[in-house]
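Let's take a walk through this chain, stopping at a handful of residues along the way. Have the structure open and click along.

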Amino acid sequence: MRAFDSWLEGSTALALRRAVRTTLRAAWWWLPGLILVSLLLLRMVPDLQQWRIAEVRLSECGLQPQARAQQLPMFIRGVGCMLLKAEHDLAGQDLQDRALLLSGVGRDVRIWINGVQVRQFDPNPHFDSTTIPLLQPLHSSTLLNGSNEILLQLRSGSGLFDRSFVGALLVGPNELLQSVHRRSIRIGAEGAQLSIVVALAIVLMALPIAWSRPGDSSYRWFVLAVLSSQIYVWNMAWPLRPAPTLLWHLLAHGGLAIALWSISRYSLRVAGRTDEGNRRLDQVALVGLAGLLLAVFDTSGGNPALVGDVVFRISLLAQLLMLANFWWHRRDNALARWMACAAMLCLWLGITDSLRVFGILSPPLSPYVLHWGILYVLGVLLVSQLRHMLAALATAERSQERLSEALDQRSRQLQREFTLRQQAEQAQALAEERQRIMRDMHDGVGGQLVALIGQVEAGKLDVGLLKPQLRRSLDDLRLMIDSLDDACADLSVALGMLRQRLQPSLKGLPLEVHWQTAHLPDLAPCPPEVVLQVLRIVQESITNAIKHARCHRLAICADWADGWLKLSISDDGVGLPANAPPGRGLPGMRQRAAGISAELQISALQPGTRIELRLRLGRA
């Protein structure tokens, strides 16, 4: 039984999770539907016909009212000051806690009841509350039990582009009218203010992106749609108007048309549509703009203005229908489904507001609601842009991770290749060093020992020459060993060690030897081959001076300047005979110098000879 209960609980939780997941996935259609139904229910007002004043008598300020009554609501053109006079019967009614409610008034209003002023003009001359209702509480002392005279003075402009408006006029219980007024303000003005705040936040986020991505026009269309739509929404949010009435009407409704056109352009840009869709959209937008101009600039206020207004509104609804149809045919994409339903929400709200304007199926006190649809569209576009940015950020992070992995892999590969190459270079260097040592052993010590062995085997060994030859072989071997020492990579150290090697053998000779090698700077290290050849050239020069020059003084000098190491071996001997046959010493030294890219010069002195070696060598 417990197992069955556990299974039942698990099945119930699973079904509940599936239901929640399915509901959330279908939010693209039920959420705008819920918003539409809620707004339609909230904008419904109770029947206020018994409190409504339908007729007024119109006159210019200072003149007698017209005999014929005018019906409210009404528009007034080209008059700087206008009076509206109405009679309202309150016989047998409770006069306590009463209020006056105007569904809308353009260019502000001053109100008298039975000669008592109950409302003064607003200090701001640009005050216009055409879309925002006005509530004025009334004191019981201003009302009479019976007929009451209500006088409204409108402050209107007298220019070509000025027009005033008076909406529905009601006098009734304060609690009832205050409830209607509060609901209208919350749905109308406060909802529009919320839309403007959200739009400003969206613009602050989208403008830097549009600026930094000049190649992507979708962001610019998006920003233009947000900004232009809020010009129209401002008309619902606050009563301040920065321009004459008709010009402001043109600007506000033109902003709405531009916003819808920009959103359609944005949609076409995101979907990658061709110019054919753009042309059709532009044609519908131009028809709507022509209707708007006709409605604004028809000064007669008759049928042409009405036709222009109808054409303008139909063109906007047609664009919304085209936009919904455009996105619905791409509903395999999540953004397309949300945008299609958002366009349909705006379509229905636009129809509702249009019926409110023409007084069809909507009481005058029901608030405008299109700005809620605009707010919903902005929210959908904002979420879409955020998802696009997050997807781009995630793609960049994945690309960075893949790049980091590729770099790590390449680094490891390069490290392995470097290790292998280093091992190969070490092996090659070791082999070359072995070859050099074998060659030096063969040409130097090995050759000398082979010659001695040959003399011994032939019985021609001169005992007197045995000791010098063995010493020369030993010195040559020591030079080879010294050149392999890391310390001898510095030629100044190698010359010092050569001096220590040769000093004992030079001590017993009738010869004065001067070494000047201690003042060299720290030089760049040299390969063993270079060190060995330099030491052999110096050694050969000293040996030749001792054997052939019959000198009494020998100077070995080393100097460095301007990147060149200069070694000179000078003696005061007999010099080089002019017709002497060439031996092996000097050609061998030249060959050694050429092998290390050095220069060797042999010059005669008075008396003696100088051998100078110049080697390109930098400082450490």
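What follows is a short tour of two serines, a proline and two turns of the backbone.

Keep in mind that you're looking at a predicted model. Start at Ser 129, which sits in the loop between strand E8 (116–119) and strand E9 (134–138). Is this serine buried or exposed? Its relative accessibility is just 1%, and since the cut-off for buried is under 20%, Ser 129 counts as buried. Now look at its side chain: a polar atom there lies 2.3 Å from the backbone oxygen of Ile 132. Setting aside the residues within four places in sequence, Ser 129 also touches Gly 104, Val 105, Leu 134 and Pro 239.

Next, jump to another serine, Ser 541, this one in helix H12 (residues 528–548). With 2% relative accessibility, Ser 541 is buried as well. Beyond its neighbours within four places in sequence, Ser 541 is in contact with Ile 569, Met 589 and Ile 611.

Now for some backbone geometry. Pro 73 is in the loop between strand E3 (70–71) and strand E4 (74–77), and the peptide bond leading into it from Leu 72 is cis, with omega near 0 degrees.

Two other spots have a positive phi without being glycine. One is Asp 562, with phi near 55 degrees, in the loop that links strand E14 (553–561) and strand E15 (564–571). Asp 562 is exposed, at 70% relative accessible area. Ser 597 has a phi of about 60 degrees and lies between helix H13 (585–595) and strand E16 (599–604), in the loop. At 63% relative accessibility, Ser 597 is exposed too.

Note on methods
Residues are numbered from 1 along each chain as its sequence is written. This is a predicted model: local features need pLDDT of at least 70, side-chain atom pairs count only at pLDDT 80 or more; totals for chains, interfaces and linings use all residues. Side-chain values use heavy atoms; hydrogens and water are left out. Helices (H or I, at least four residues) and strands (E, at least two) are DSSP runs, numbered from the N terminus. Buried means under 20% relative accessible area, exposed over 50%, partly exposed in between (1.4 Å probe, protein chains only). A polar contact is a pair of N or O atoms within 3.5 Å; within protein, one must be able to donate a hydrogen and the other to accept it, and residues adjacent in sequence count only if both atoms are side-chain atoms. Contact means heavy atoms within 4.5 Å.
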